[in-house]
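Let's take a first walk through this protein together. Have the sequence and the 3D view ready, and follow along one region at a time.

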Amino acid sequence: MNFILDYHPEQFLAKLPEILPQLTSQHMELFVAELSSEDTTLTMYSFMGTQSTAVSDKVNTVCKALLESAADNVIPWLNTLISCYVKIEDVSTGLLKLKSLYTSHPTEAEAAIKYMLILTDDDALFNHALGTHDLDLVLLVAQHTQKDPKEYMLFLNELQSYDDVHRKFKIDEHLDERSLPCDI
């Protein structure tokens, strides 16, 4: 599919809503995993002598198109969407989407968090959750990591004792994001 995307990107992106139902989630997860900024018409398939019409910033363009195309039917494409959030390095947004999904589909949301842990490092995912300043989300993620509860519960309880502004400051300080102002 990388070749088809590189050969006719506009057509591929336009037909994505039609293509998506014909594929399995596993096929799309593999496609997103293999997606790279490389123009395959110039590298892997250069022997075919095709002219490239590849889009700039291919990975972000395709992942955002997938996120948009599957927005109305999230559950069957959940792992694909998670792969997209990880691929475009927007893990925090993916986590916030999972948290909103957790109320109506807790089993699927927890499975998606476990899948996200396969794609990312435990500490990195914990820090992304922490960066959302949503302690419920941090706890949800932490419960599925390999972290010792003694390690994170003490920290989360300390954060819970602060008012919102001080809590955000402490989180940003912990994440070494001192240059970012706190949202009030």
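Here is a short tour, from the overall fold down to single residues.

## The big picture

First things first: this is a predicted model. The protein chain has eleven helices and zero strands. If you read the elements from the N terminus on, you get α-α-α-α-α-α-α-α-α-α-α.

How much of the chain is tucked away? Of the 184 residues in the protein chain, 40% are buried. The contacts also say something about how the chain comes together: among those between residues at least 6 apart in sequence, 64% join residues at least 24 apart.

## Helix H2 and its two sides

Helix H2 covers residues 9-19, and its buried residues are Pro 9, Phe 12 and Leu 16. Look down the axis of H2 and you'll see these buried residues fall within an arc of 65°, so they line one face of the helix. Now turn to the other side of H2, where Glu 10 and Ala 14 are exposed.

## Ser 25 in helix H3

Next, find Ser 25, which sits in helix H3 (residues 25-34). Is Ser 25 buried or exposed? With a relative accessibility of 13%, Ser 25 counts as buried, because the cut-off for that is under 20%.

Which residues does Ser 25 touch once its neighbours within four places in sequence are left aside? Its contacts are Pro 76, Trp 77 and Thr 80. Thr 80 comes up again in the next stop, as one of the buried residues of H5.

## Helix H5, mostly covered

Helix H5 (residues 78-87) is mostly covered, with eight of its ten residues buried. Here is the list: Leu 78, Thr 80, Leu 81, Ile 82, Ser 83, Cys 84, Tyr 85 and Val 86.

What do the buried residues of H5 pack against? Their partners are H3, helix H4 (58-69), H6 and helix H7 (106-119).

## Two cysteines, no bond

Cys 84, one of those buried H5 residues, is worth a second look alongside Cys 63. Searching the whole structure turns up zero disulfides. Cys 63 is in no disulfide, and the nearest cysteine sulfur, that of Cys 84, is 3.7 Å away.

Why is there no bond here? The sulfur of Cys 84 is 3.7 Å from its closest cysteine sulfur, in Cys 63, and that is too far for a bond, because a disulfide needs the two sulfur atoms within 2.5 Å. As for their surroundings, Cys 63 is buried, with a relative accessible area of 0%. Cys 84 is buried too, with a relative accessible area of 0%.

## Where H6 crosses H8

Two packed helices are described by the angle between their axes and the distance between the axes. For helix H6 (residues 91-102) and helix H8 (residues 122-131), the angle is about 70° and the axes are 9 Å apart. That makes H6 and H8 roughly perpendicular to each other, because angles of 65 to 115 degrees fall in that group.

On the H6 side, the contact is made by Val 91, Ser 92 and Leu 95, while H8 brings in Leu 125, His 128 and Ala 129. Sorted by class, this contact of H6 with H8 has four nonpolar, two polar and no charged residues.

## Two loops with a twist

Most residues other than glycine have a negative phi. Glu 89 goes the other way: it isn't a glycine, yet its phi is positive, at about 55°. You'll find Glu 89 just after H5, in the loop between H5 and H6. Glu 89 counts as exposed, at 69% relative accessibility.

His 133 is another residue other than glycine with a positive phi, near 65°. His 133 lies in the loop between H8 and helix H9 (135-142). His 133 is partly exposed, with a relative accessible area of 25%.

## Last stop: Asn 157

Finish up in helix H10 (residues 149-160), the place of Asn 157. Asn 157 is partly exposed, with a relative accessible area of 48%. How far apart in space are Asn 157 and Leu 135? The two are 22 residues apart in sequence, and their C-alpha atoms are 9.5 Å apart in space.

Terms used:
Residues numbered from 1 in each chain as written. Predicted model: local features only at pLDDT ≥ 70, side-chain atom pairs only at ≥ 80, totals over all residues. Heavy atoms only, no water. Axes fitted to C-alpha atoms, helices over the stretch in contact; angles between N-to-C directions. Helix = DSSP H or I, 4+ residues; strand = E, 2+ residues; numbered from the N terminus. Parallel < 35°, antiparallel > 145°, perpendicular 65-115°, else oblique. Contact = heavy atoms within 4.5 Å. Nonpolar A, V, L, I, M, F, W, Y, C, P; charged D, E, K, R; others polar. Buried < 20%, exposed > 50% of the residue type's maximum accessible area, 1.4 Å probe, protein only. Arc of directions from axis to C-beta.
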